[in-house]
Amino acid sequence: NRFDRRISCTNARTARVHLRDAIVMSGWNWDALNVPERLALALADAGARVLYCENPVSFLGPSGRPLHEVQRNVFVLRPVFLGHRLNRYSRLSKLQAFVLRQQIVRAVKALGLKDPVFFYPHAEYCCSLAAEMKDRGFDLVHICMDYEIPDHLEHVRLSDITFAIPEAAFLELQRLFGDKIRKLPQFAAPNSLDRERGHAPASQTIAISEIPTPRLVYLGNVEGRVNLEIVKQVLELHPEWHFVSFGSANLLLQPNWHVLPWVPQDCWAGLLAADGAIGFLPYDCSDPKNLHCVPLKLFDYFALGLPVVGTPITYLR
């Protein structure tokens with residue numbers, strides 16, 4: 001199997017593992033530290049050279065990011081095209097995928113990557129792009145991060161292998177596609193969450209120090225995963241408890257909900273590893289996507305030494 005690790009034994013007791021280089025696509029940017037970003041870090045740590053491509057941006061808006069190294073053996077490219085909305089139209093989607101593929105291939109050649117494997121999530125733009133890359137002879141690995149089976153089917157069909165993180169997604173996709181589906185454990189917290197590394201901006205440190213304890217910390221934007229009704233009830237029943245989120249608005253206009261600007265992950269330890277902070281996972285379990293998710297936040301909270309309180313998603317149970 002061309003995806004198997006190629007091992008050359010130097011003697012009976014030692015072996016060297018040769019990893020192919022990689023292209024990792026994302027629906028986020030490098031600072032998001034979501035699954036594609038951690039995948040890139042894991043591959044680089046294992047010895048691969050990685051071209052990491054951020055979510056494409058319109059050339060009419062923010063400028064693309066030139067190719068540069070952000071961590072050892074991880075090189076970041078922010079590709080450009082016309083815009084995500086145009087991907088709703090089949091012909092324009094294919095044209096944009098062609099434009100993206102050209103930028104990626106140029107970066108691969110500039111870096112001298114060797115036989116790179118193309119890893120991609122189920123971001124909307126990735127399906128046409130994966131088809132383009134397959135036509136150019138690249139091997140495809142799809143990463144199934146969430147239990148959204150209909151959204152993944154076309155990606156799985158295109159892929160040579162699909163790695164599924166949620167157990168329920170793995171079982172259902174394996175039933176449909178057999179051995180093409182492999183189980184991938186969720187990524188643990190990166191080494192940079194070590195308590196000795198990173199310093200939050202002084203303004204952030206002051207801001208969080210002024211929030212009374214206990215602090216229920218949600219490490220990210222409050223988006224579709226959060227059960228706002230539960231948050232509302234908790235904050236109303238316990239006005240002495242304080243909910244802290246990052247980047248999003250105070251959707252409930254509660255006085256004990258505090259919103260701080262997002263900070264890079266190497267600042268989390270200095271900001272959050274303190275007495276009175278609790279990792280909070282108030283996920284909406286009525287949505288199967290949330291019920292079967294494997295939250296990165298869980299591992300990050302543990303790495304920061306925080307106790308964790310959450311709704312009973314399957315993985316926590």
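**Exercise 1. How many bridges join strand 13 to strand 16, and do they run parallel or antiparallel?**

Before starting, note that this is a predicted model, where local features need pLDDT of at least 70, side-chain atom pairs count only at pLDDT 80 or more, and totals for chains, interfaces and linings use all residues. Residues are numbered from 1 along each chain as its sequence is written, and side-chain values use heavy atoms, with hydrogens and water left out.

*Solution.*
- Step 1: Locate the elements; helices (H or I, at least four residues) and strands (E, at least two) are DSSP runs, numbered from the N terminus.
- Step 2: Strand 13 and strand 16 run parallel and are joined by 3 bridges; two strands pair if DSSP finds at least two bridges between them.
- Step 3: Look for Arg-215, which stands opposite Ala-277 in strand 16.

**Exercise 2. Place this pair in its sheet: what is the order of the strands?**

*Solution.*
- Step 1: The order is 15-14-13-16-17, an open sheet of 5 strands with parallel pairing.
- Step 2: Strand 15 (257–260) and strand 17 each have a single partner strand, so one side of each has no neighbour in the sheet.
- Step 3: On average, neighbouring strands here are turned by 30° against each other, direction ignored.

**Exercise 3. Which strands of the sheet does helix 10 touch?**

*Solution.*
- Step 1: Helix 10 packs on the sheet by touching strand 13, strand 16 and strand 17, and its direction makes about 170° with that of strand 16. Such axes are lines fitted to C-alpha atoms, for helices over the stretch in contact, and angles run from 0 to 180 degrees between N-to-C directions.
- Step 2: Check its cover: 6 of the 8 residues of helix 10 (296–303) are buried, meaning under 20% relative accessible area (exposed is over 50%, partly exposed in between; 1.4 Å probe, protein chains only).
- Step 3: The buried residues of helix 10 also pack against helix 1 (35–45) and helix 8 (268–272); contact means heavy atoms within 4.5 Å.
- Step 4: After helix 10 comes Gly-305, with a positive phi near 80°.

**Exercise 4. Where do the buried residues of helix 4 fall, seen down its axis?**

*Solution.*
- Step 1: In helix 4 (149–158), pick out Ile-149, His-152, His-155, Val-156 and Leu-158, which are buried.
- Step 2: They fall within an arc of 170°, so they line one face of helix 4; the arc is that of the directions from the helix axis to the C-beta atoms.
- Step 3: Their cover includes helix 3 (126–135) and helix 5 (167–177).
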